[in-house]
Amino acid sequence: MEKNIEQKGRQSLAFHTPPYIMASASVVGKKEGEGPLGNLFDMVGEDPMFGCESWEDAEGTLQKEALTLAIGKSEIEKWQIRYIFAGDLLGQEMASSFGLADMQIPLFGVYGACSTAGESISLASLSVASGAADYVMAVTSSHFASAEKQFRFPLAYGNQRPPSSTWTVTGSGAFVIGKDKGIAKVKGITTGKIVDYGIKDSMNMGACMAPAACDTIYNHFMDFECDEKEYDQIITGDLGEVGYEILIELMKDKGYDISKKLLDCGMMIFDKETQGTNAGGSGCGCSATVLSALILKNIKEGKWKKVLFVPTGALLSPVSHNEGLSVPSIAHGVVLEG
Amino acid sequence: MNEMQKQKYSEYVEEVTPKTNLICNMAKAFLTGGIICVIGQGILNFCLARGMDKNMAGSWCSMLLVLLSVILTGFNLFSKIVDFGGAGALVPITGFANSVAAPAVEYKTEGQVFGIGCKIFTIAGPVILYGIVTSWVVGLIYWIGKVLGVF
């Protein structure tokens, strides 16, 4: 019998009987709800605290709501879910641990900064494709206020953001992945390496992450022996305007012109002219909510047949930043097909 | 990736990263800082007119500006003023007040001792520490100078 999981090249796996994203849900904050994709999200919370006492609790609630909504939209019951792969941006993964405690489902906590959506969907798909589980979930979240508190300054502290900075998305995306037919097949994954081009500016994360995105996309093309023509869209997570331009250039240097195929979740979720978000949105919630609300919708409607989804993450910490270290980055590729 | 490639990439990033308009930012900072100073001068003049001496009027001026900044911080409005005016709002005493009040609001959820108590000076701490150290050094120089008869 042919194995379901085939190793491709150095970094990739192909699934011959692919797992499906069977259902998904997105929950966002007010600002995201006012953005260009506002009416596509399943739920927009008017209260940034989501009825909680702290930002961390609020983010946990986001995850819980997204997860519950996604299960509700699928045809399976909560008890059928074997594993959750969850992650967020907070220290010790506070949002996942506290938000999902009541669920009583076996949990793998994952961290890949803003690339966590790609990482969790990769691992979830892998567990289904390998036969380790029939139904699993991938959930990620970020919250503007808790991320500011974790990585920068208290919210009410006054400071200016440079044009290259990004705005952390308040939102959570949840995905039910399983063996039954659904919205999109996960045909394969390309797991990213840590890439560090020595940029130290944490307010220019697009420039830090673009080389990681380039590395993953390039190796994906090598491993699957394909190029950009294979895809209707290549969609990165949160490179923002600066990283987007850099990625196109870096790929050009490697001999691929992805300029006509490339979209970025961070650039789609906000309108920078009216919302003051500078280069775009970022955070684990950015790529996850855009995947759920826009990408999967377009795949379902047949607008896009095949998409390479590449969430990008800047693996900095407040400590590494203070110690003057550069910002290592990572990007995970997931092949989605209608 | 070697150092030269990193350097090259860094230069390329520098080139493609959009910059803020220095002149425009300076004008906004001048306007914002100017307005704060005018308010301060207004308070000072009012206090002097009420018969206070210069020191007392100065203290009232500082206290009222700090109060104003703390109230605006509490309503999350001060950060919006800084977003527009930058250093114009941060350099006057209003900026210092904001840097103390903002952590107090933020870390309230972590408790009176480990939250507010430990973290209230996370931003203002360096200013206080190095302010005191610098004044100590200057004081020492002044003292030595006095002993030697320079001052």
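Me: Let's start with a yardstick: the radius of gyration is taken over C-alpha atoms, and the rule for a globule is 2.2 Å times the number of residues to the power 0.38. How do you know whether chain B follows that rule for a compact globule?

Reply: Set the two values side by side. For 151 residues the rule gives a radius of gyration near 15 Å, but chain B has 21 Å. Chain B does not match the compact globule. Keep in mind that this is a predicted model. Along the principal axes, the C-alpha atoms of chain B take up a box of roughly 65 × 50 × 40 Å.

Me: What makes you trust the prediction for chain B?

Reply: The pLDDT is the predictor's own confidence, on a scale from 0 to 100. Chain B averages 96, and 100% of its residues score at least 70. The model as a whole scores ipTM 0.91 and pTM 0.95.

Me: Which kinds of element does chain B have?

Reply: Helices: there are 8 of them, with 0 strands.

Me: How do you know what span helix H3 of chain B should have?

Reply: Count 1.5 Å a residue. The 21 residues of H3(B), residues 54–74, should then span 30 Å, and the C-alpha atoms at its ends are 30 Å apart, so the two values agree.

Me: Which residues of H3(B) are called buried, and why?

Reply: A residue counts as buried if 20 or more other C-beta atoms lie within 10 Å of its own. In H3(B), B:Cys61, B:Leu65, B:Ser69, B:Leu72 and B:Thr73 are buried. Down the helix axis, the buried residues of H3(B) fall within an arc of 110°, so they line one face. They pack against helices H2 (22–49), H4 (78–85) and H6 (93–106) of chain B. On the other side of H3(B), B:Asn55, B:Ser59 and B:Leu67 are exposed.

Me: Why would residues a few places apart share a direction?

Reply: An α-helix has 3.6 residues a turn, so residues three or four places apart point the same way.

Me: Which elements of chain B touch chain A?

Reply: First the count: 28 residues of chain B are in contact with 22 residues of chain A. The elements giving two or more residues to that side of chain B are H1 (3–16), H4, H5 (87–90) and H6. H6(B) gives the most, with 7 residues.

Me: Over in chain A, what makes strands S1 and S2 a pair?

Reply: Two strands pair if there are at least two bridges between them. S1(A), residues 5–8, and S2(A), residues 12–15, are joined by 4 bridges, so they qualify, and they run antiparallel. Within the pair, A:Gln7 stands opposite A:Leu13. Their hairpin has 3 residues between the strands, and A:Gly9 there takes a positive phi near 55°.

Me: What makes A:Phe50 stand out, given that it is a residue other than glycine?

Reply: Its phi is positive, near 50°. Most residues other than glycine have a negative phi. A:Phe50 sits in the loop between strand S4 (43–44) and helix H2 (55–73) of chain A.

Me: Why is A:Phe50 called buried or exposed?

Reply: Buried takes 20 or more other C-beta atoms within 10 Å. A:Phe50 has 20, so A:Phe50 is buried.

Me: And what about A:Asn278: buried or exposed?

Reply: A:Asn278 has 20 C-beta neighbours inside 10 Å, so it counts as buried. A:Asn278 has a positive phi of about 55° although it is not a glycine, and its place is the loop between helix H9 (272–275) and strand S13 (281–282) of chain A.

Notes
Residues are numbered from 1 along each chain as its sequence is written. Chains are lettered from A and ligands numbered from 1 in the order in which they are written. This is a predicted model: local features need pLDDT of at least 70, side-chain atom pairs count only at pLDDT 80 or more; totals for chains, interfaces and linings use all residues. The expected span of a helix is 1.5 Å times one less than its number of residues. A residue is buried if 20 or more other C-beta atoms lie within 10 Å of its own, exposed if 12 or fewer, and partly exposed in between; C-beta atoms are placed from the backbone. The arc is that of the directions from the helix axis to the C-beta atoms. Two residues are in contact if their C-beta atoms, placed from the backbone, lie within 7 Å.
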